[in-house]
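Subject: Handover of a structure and findings

Dear colleague,

Please find the structure below, together with its sequence. My account of what was found in it follows directly after.

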Amino acid sequence: MSSTAIPTSTSVVESAVIKAPLSHVWHLSSVLQNFQSFWSALKSSEFIESQKETDVVKWTFKDGTVLEVKQEEHSAINHYITYSVITSQPELSYTSVLSTVRCFAVTSGEHEGSTFVEWTGNFSSDADAGAIQDAKFKRREALADLAKAATKF
């Protein structure tokens, strides 16, 4: 039995050192609705609802894609936010993805005073290589946008 599917990892990890203090980077990336303030691919970001334990935000991208994302976890102490996509128009080609943005203060060395940011995505096993590559490049673009916004803060 032959298959045309390309075997691939179902996770993506992108990171960057942003030449801005943790407080600036965390301020921009700690609330899903705030992603519009730095991510140039987003046309709009609106708060949909607050449930008992979480928030849902609608992201409308400039390419017409609309995602509803649900905050799954948030830590102001450990500086991370985890979210999942709960709806998508057009539909995603995979079942699910869980993403996390983590920020760490760089406390020594030549980048002291900067922030290390890691943006991961863990996809369901039905995600193909194209979906993983797309996520990789979108995260890289968003991290570059975050760096621009945080240094202007």
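In which loop does H79 lie? H79 belongs to the loop that runs between strand 4 and strand 5. Please bear in mind throughout that this is a predicted model.

Backbone geometry

H79 has a phi near 55°, which is a positive value in a residue other than glycine. The residue is also buried: its relative accessible area is 18%, and the cut-off for that class is under 20%. A second point concerns the loop between strand 5 and strand 6, where P90 is placed. The peptide bond from Q89 to P90 is cis, and its omega is near -5°. As background to both points, most residues other than glycine have a negative phi, and most peptide bonds are trans.

The nonpolar core

The largest nonpolar core comprises 36 residues, and F35, W39 and W59 are those with the most contacts inside it. At least two residues of this core come from each of strand 1 (11-18), helix 1 (22-29), strand 3 (55-61), strand 4 (66-75), strand 5 (80-89), strand 6 (97-105), strand 7 (115-123) and helix 2 (129-152). Helix 2 gives the most, with eight residues. In soluble globular proteins, nonpolar side chains tend to be buried together.

For W59, the contacts can be listed in full, leaving aside residues up to four places away in sequence: L32, F35, W39, L42, S44, S45, T65, V66, L67, V69 and Y83. Both F35 and W39 appear in that list.

The helix pair

Helix 1 and helix 2 pack with their axes 9 Å apart, at an angle of about 120°. Because of that angle, helix 1 counts as oblique to helix 2. The crossing of helix 1 and helix 2 is right-handed. Which residues meet where helix 1 packs on helix 2? On the side of helix 1 they are H24, V25, L28 and S29, and on the side of helix 2 they are L146, A149 and A150. By type, the residues of this contact divide into five nonpolar, two polar and no charged.

Individual positions

Three further residues may be of use when you inspect the model.

T82 is found in strand 5. Is T82 buried or exposed? T82 is buried, with a relative accessible area of 4%. Not counting residues up to four places away in sequence, T82 touches K70, Q71, E72, E73, L98, S99 and T100. From T82 to V17 the separation is 65 residues in sequence and 20 Å in space, C-alpha to C-alpha.

A131 is found in helix 2 and counts as buried, at 10% relative accessibility. With residues up to four places away in sequence again left out, A131 touches S93 and Y94. The C-alpha atoms of A131 and E14 are separated by 15 Å, while the two residues are 117 residues apart along the chain.

V31 is found in the loop between helix 1 and strand 2 (42-50). At 37% relative accessibility, V31 counts as partly exposed. V31 and V56 are 25 residues apart in sequence, and their C-alpha atoms are 11 Å apart in space.

To draw the main items together: the model is predicted, its largest nonpolar core holds 36 residues, and helix 1 and helix 2 pack at an angle of about 120°. For the backbone, the items to inspect are the positive phi of H79 and the cis peptide bond from Q89 to P90.

With kind regards

Terms used: Residues numbered from 1 in each chain as written. Predicted model: local features only at pLDDT ≥ 70, side-chain atom pairs only at ≥ 80, totals over all residues. Heavy atoms only, no water. Core = buried A, V, L, I, M, F, W, Y, C linked by side-chain atoms within 4.5 Å. Buried < 20%, exposed > 50% of the residue type's maximum accessible area, 1.4 Å probe, protein only. Helix = DSSP H or I, 4+ residues; strand = E, 2+ residues; numbered from the N terminus. Contact = heavy atoms within 4.5 Å. Axes fitted to C-alpha atoms, helices over the stretch in contact; angles between N-to-C directions. Parallel < 35°, antiparallel > 145°, perpendicular 65-115°, else oblique. Left-handed = near helix turned anticlockwise from the far one by under 90°. Nonpolar A, V, L, I, M, F, W, Y, C, P; charged D, E, K, R; others polar.
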